[in-house]
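Biologist: Could you pull up the model and talk me through it? I'd like to go from the overall fold down to the side chains.

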Amino acid sequence: MTTPVCTSASEAATAARQTTPTLPTRPYAPYPSFSSYVRARQPVLLRTARSLTANPSDAEDLLQTALAKTYVAWERIEDHRALDGYVRRALLNTRTSQWRKRKVDEFACDELPEPEPVPGTGDPAERQALHDAMWRAIMRLPARQRAMVVLRYYEDLSEAQTAEVLDVSVGTVKSAVSRALGKLRDDPELGFVRS
């Protein structure tokens, strides 16, 4: 009796599966809380990423990488109230790693290229001067008012969220922010904005 030289493909695949050890696979575990966190905090986190890069596309990539790192560590994060800090640290560490690995391409040229001004955005130097003056004015506020203004307007938290973070009442946040905005309106360095 002769043995067949050729076997069917399914028989060969079955034989290969029986002889090849299978690697254990980690089941995919979706985290609904992660998805809701990203939906809620993405605009604020993207603003933070944008402040670390010069290009909006790079900021989106940076945020995506930091969120991927956060997702991998989701089960290990004990205090989910501190997620913003965790993601910000991941953004900063990722950006630092990218910066260290970057290849610098510099080309000498006779003239410096000037970017085309975008209509309606004004002079970038004036915007930067306004930004710097605003931060100096905010730094002159008392520490508690400064914290409330930054959380409320720069971190884009609601009054209730700001009150929860600072462990004060919503009414305290409202009155302190109102007083802080009054001080900012009266700040002499910001006088050129009103004129």
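## Fold, rings and helix packing

Modeller: Sure. Of the 195 residues in this protein, 23% count as buried. Keep in mind that the model is predicted.

Biologist: How many helices and strands are there in the protein?

Modeller: Read along the sequence, the pattern is α-α-α-α-α-α-α-α-α. That fits the count of 0 strands and 9 helices.

Biologist: On to the rings. What kind of aromatic pair do phenylalanine 34 and tyrosine 71 form?

Modeller: A search of the whole structure gives 4 aromatic pairs. In the pair of phenylalanine 34 and tyrosine 71, the centres are 5.1 Å apart and the angle between the planes is 70°. Planes over 60 degrees apart get their own class, so this pair is edge-to-face.

Biologist: How many residues apart in sequence are the parts that this pair of phenylalanine 34 and tyrosine 71 ties together?

Modeller: Phenylalanine 34 belongs to helix H2 (residues 32-52), while tyrosine 71 belongs to helix H3 (residues 56-72). The pair therefore ties together parts of the sequence separated by 37 residues.

Biologist: Is phenylalanine 34 buried or exposed?

Modeller: Its partner tyrosine 71 has a relative accessible area of 24%, so tyrosine 71 is partly exposed. For phenylalanine 34 the relative accessible area is 11%. Buried means under 20%, so phenylalanine 34 is buried.

Biologist: And why is the pair of tyrosine 37 and tryptophan 74 classed as tilted?

Modeller: Tyrosine 37 is in helix H2 and tryptophan 74 is in the loop between H3 and helix H4 (83-101), so this pair links distant parts of the chain, 37 residues apart. Both residues, tyrosine 37 and tryptophan 74, are buried. Their ring centres are 6.3 Å apart, and the pair is tilted because the planes are at 45°.

Biologist: Which residues do ring pairs link into a cluster?

Modeller: We've already met the members in two pairs, one being phenylalanine 34 with tyrosine 71 and another tyrosine 37 with tryptophan 74. The cluster linked by ring pairs consists of Phe34, Tyr37, Tyr71 and Trp74.

Biologist: Now the helices. At what angle do H2 and H4 pack?

Modeller: H2 passes H4 in a right-handed crossing. The axes are 11 Å apart, and the angle is about 35°.

Biologist: How many nonpolar residues does the contact of H2 with H4 have?

Modeller: On the H2 side, the residues include Tyr37, Val44 and Leu45, and they meet a set in H4 that includes Leu83, Val87 and Arg88. By class, the contact has 4 charged residues, 1 polar residue and 9 nonpolar.

Methods
Residues are numbered from 1 along each chain as its sequence is written. This is a predicted model: local features need pLDDT of at least 70, side-chain atom pairs count only at pLDDT 80 or more; totals for chains, interfaces and linings use all residues. Side-chain values use heavy atoms; hydrogens and water are left out. Rings of Phe, Tyr and Trp (its six-membered ring) pair if their centres lie within 6.5 Å; planes under 30 degrees apart count as stacked, over 60 as edge-to-face and the rest as tilted. Helices (H or I, at least four residues) and strands (E, at least two) are DSSP runs, numbered from the N terminus. Buried means under 20% relative accessible area, exposed over 50%, partly exposed in between (1.4 Å probe, protein chains only). Axes are lines fitted to C-alpha atoms, for helices over the stretch in contact, and angles run from 0 to 180 degrees between N-to-C directions. A crossing is left-handed if the near helix is turned anticlockwise from the far one by less than a right angle, and right-handed if clockwise. Contact means heavy atoms within 4.5 Å. Ala, Val, Leu, Ile, Met, Phe, Trp, Tyr, Cys and Pro count as nonpolar, Asp, Glu, Lys and Arg as charged, and the others, Gly among them, as polar.
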